[in-house]
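Please look over the sequence and the model shown here before reading the notes on it. They are arranged as a short briefing, grouped by topic.

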Amino acid sequence: MDEESTHRYPVQSGSDADAAVITGYKAARNRPLTRGQKLSNTALTAVRAPVEHGFAHLKNWCVLSKVRTDSA
């Protein structure tokens, strides 16, 4: 199994059958990240941060908790 395929998790649901969840690279004590892996993590973080901030704002406004707990 190559290293890149260990960081892609397929999502199988409806029309998004080709979508995948991409996670960052993780260093170990005896195996530091390469320059390319660090750049990849930086690019992934730049894309993920605004989305995470959006969810945080929705949670602070209690929008998501109301939607999740409403029975109607």
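The points below go from the chain as a whole to one helix and then to two of its residues.

The structure is a predicted model, and its mean pLDDT is 76, with 60% of the residues scoring at least 70. Its secondary structure consists of 2 helices and 2 strands, which follow one another along the sequence in the pattern β-β-α-α.

**Confidence**

- Among the secondary-structure elements, the lowest confidence falls in strand 1 (residues 8–10), where the mean is 58, whereas helix 1 has the highest, at 90.

**The chain as a whole**

- The protein has 72 residues, and 6% of them count as buried.
- Of the contacts in the protein with a sequence separation of 6 or more, 6% join residues that are 24 or more positions apart.
- The protein exposes about 6,400 Å², and carbon and sulfur atoms account for 58% of that area.

**Helix 1**

- Helix 1 covers residues 35–60, and its 26 residues should span 38 Å at 1.5 Å a residue; because the C-alpha atoms at its ends are 36 Å apart, the expected span and the model agree.
- Along this helix there is a kink of about 30 degrees at Arg48, which comes shortly before the proline Pro50.

**Gln37**

- Gln37 belongs to helix 1, and its relative accessible area is 9%, which means that it counts as buried, since the cut-off for that class is under 20%.
- A polar atom of the Gln37 side chain lies 3.0 Å from the backbone nitrogen of Thr34.

**Asn41**

- Asn41 also has its place in helix 1, and with a relative accessible area of 16% this residue is buried too, because the value falls under the 20% cut-off.
- Leaving aside residues up to four places away in sequence, Asn41 touches Gly24, Tyr25 and Leu33.
- Between Asn41 and Thr23 there are 18 positions in sequence, while their C-alpha atoms are 8.4 Å apart in space.

**Reading the two residues together**

- An α-helix has 3.6 residues a turn, so residues three or four places apart point the same way.
- Gln37 lies in helix 1, as does Asn41; Gln37 is buried at 9%, and Asn41 is buried at 16%.

Key: Residues are numbered from 1 along each chain as its sequence is written. This is a predicted model: local features need pLDDT of at least 70, side-chain atom pairs count only at pLDDT 80 or more; totals for chains, interfaces and linings use all residues. Side-chain values use heavy atoms; hydrogens and water are left out. Helices (H or I, at least four residues) and strands (E, at least two) are DSSP runs, numbered from the N terminus. Buried means under 20% relative accessible area, exposed over 50%, partly exposed in between (1.4 Å probe, protein chains only). A polar contact is a pair of N or O atoms within 3.5 Å; within protein, one must be able to donate a hydrogen and the other to accept it, and residues adjacent in sequence count only if both atoms are side-chain atoms. pLDDT is the predictor's confidence in each residue, from 0 to 100. The expected span of a helix is 1.5 Å times one less than its number of residues. The bend at a residue is the angle between axes fitted to the seven residues ending there and the seven starting there. Contact means heavy atoms within 4.5 Å. Accessible areas come from the Shrake-Rupley method with a 1.4 Å probe; for residues, only the protein chains shown count as cover.
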